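Dear colleague,

I am handing over the structure below, and after it I set out what was found. Please read the text with the coordinates open beside you.

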Amino acid sequence: MRKDIAMLDLPEPETLYAALLARDPAYEGRAYVAVTTTGIFCRLTCPARKPRPENCQWFAHPADAQAAGFRPCRRCFPTGPTAEGDKIVSRLMALLREDPSRRWSESDLTDMGLDPSTVRRAFRRHFGQSFLQMARATRLRGGMRTLTEGAAMIDAQLDAGFDSASGFRNAFARLFGHPPHVWRGAADLRADWIDTPLGGMIAIADDEALHLLEFIDRKALPEGLRKLSGLVGGRIGLGRSHVTDRVEAELNAYFDGRSPRFSVPVHMHGTEFQRRVWKQLREIPAGETRSYAQLANEIGQPTATRAVARANATNRIALVVPCHRVIGADGSLTGYAGGLWRKEKLIETERAYAH
C-alpha cells in the first residue's frame, strides 16, 4: 500500500459536519460536501446555507463527487484552487499581472465599484495579506531588478513606483531585512527574484548551492534573511549565479508539469536534527503526503513529532525542500508559512505527478 493512501481517508462525518458549520479552512482541498437535496457539491468553506447532516455526502476529491453525479457549486468553485474561484480576487490579480508597476490605492478600488474592506477581507482570507500589500511587494520587484543591473538608487526607487526615497528604503527593508544599499556591497551570496505561478520568490545562492528560496510575502522572510546574513558575515548582495539559473529552470519545469524533481544542490542552515528532517522531506515523492508523526517515524524518532513540526516550519528552502507535503493526521491542511492557498494549489498540482 502506498504511504499516502491512509492520509486521504476522510474523518468521521460528525467531524466533517462540524468543520462545515465552522467553515474550517483546514480542510480546503482535502474534503468536499455534496448535498443530496440539491445535487450540488461544495467546499466546506462555502458561504451557502448549510444543509442538514442527513443530506450530506462526503468526498476526498472533486472528481469523486462529479462521478457520483453531483454538480460543482457556482459560489465556491470546488473544482479549482480556492482563490481562483473568487471573482474579486481573480479580477484584481489579472490586473496586477498586466501592470505590476501600477500604484494602487483604495480610491482605485472604489472607482472600480469595489468596496475596499470587502477586497481587503477577500485577499487576507486567501493570501494572508491585503491586495495593496501584494501590489506594493510586486512593485518592489522592479526596484530590485534595477538595483541588480547596477543602476542608480533613484532609478530603482522610480521603477518601484515610490516618490519618496525614504519610503522606498523602508519598504525594501521591511521585505528583505536590510535597506537596499546594504545589498550592493561585496558579497559571497547573491539574491535575485524568481517569478512563479504562485508569486515571486527570493533565491539566494553562491556558485555551489542554493541557500534560501522563499515566497516574498512570507512574514518570516525578513528575519530569515537577517539570520542568513549573520551566518555569512553580512555578505549578501544582489545578483545571481548559475545555481540561481538552475533552480529557476527546475521551478519552471515543476509548474509546467514536466518534472517534479529538484536536483539543484542545497546548503541547509540548521541543526543536525533539522537537517535530518529536511533531508527526509526531500524523500517524499511528489503526489504523496505525510503526517508529522509519520515523518518522525521515518527519521527514527517517533516521539519527536512536535520537534519535527518545528523543523518543518523553519525550512527556508521552499518547494525544493517540500515542507508543503506534510499535512494533518486527519488529512486536513495544516499551517504552511507560504499560505494555505499555496499549499492547496501545490498538492493539487502534484496529484498529476502521482498519476
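**What was found**

The buried residues of helix 13 pack against helix 11 (272-281) and helix 12 (292-298); please keep in mind throughout that this is a predicted model. The residues of helix 13 (305-313) that count as buried are Val308, Ala311 and Asn312. Viewed down the helix axis, these buried residues fall within an arc of 100 degrees, so they line one face of helix 13, whereas the face turned away from that buried side carries Arg306 and Arg310, both of which are exposed.

A second region to look at is an open sheet of four strands, in the order 7-6-5-8 and with mixed pairing. Strand 7 (210-215) and strand 8 (236-238) stand at its edges with a single partner strand each, so one side of each is left without a neighbour in the sheet. From one strand to the next, the twist averages 25 degrees. Strand 5 (residues 189-194) and strand 8 run parallel and are joined by three bridges, and Ala191 stands opposite Leu238 of strand 8. Helix 10 (residues 242-255) packs on this sheet, where it touches strand 5, strand 6 (201-205) and strand 7, and its direction makes about 30 degrees with that of strand 5.

As for the chain as a whole, it has 14 helices and eight strands, and buried residues make up 49% of its 355 residues. Of the contacts with a separation of 6 or more, 60% are between residues 24 or more positions apart. The chain exposes about 16600 Å², of which carbon and sulfur atoms supply 50%.

With best regards

How values were computed:
Residues are numbered from 1 along each chain as its sequence is written. This is a predicted model: local features need pLDDT of at least 70, side-chain atom pairs count only at pLDDT 80 or more; totals for chains, interfaces and linings use all residues. Side-chain values use heavy atoms; hydrogens and water are left out. Buried means under 20% relative accessible area, exposed over 50%, partly exposed in between (1.4 Å probe, protein chains only). Helices (H or I, at least four residues) and strands (E, at least two) are DSSP runs, numbered from the N terminus. The arc is that of the directions from the helix axis to the C-beta atoms. Contact means heavy atoms within 4.5 Å. Accessible areas come from the Shrake-Rupley method with a 1.4 Å probe; for residues, only the protein chains shown count as cover. Two strands pair if DSSP finds at least two bridges between them. Axes are lines fitted to C-alpha atoms, for helices over the stretch in contact, and angles run from 0 to 180 degrees between N-to-C directions.
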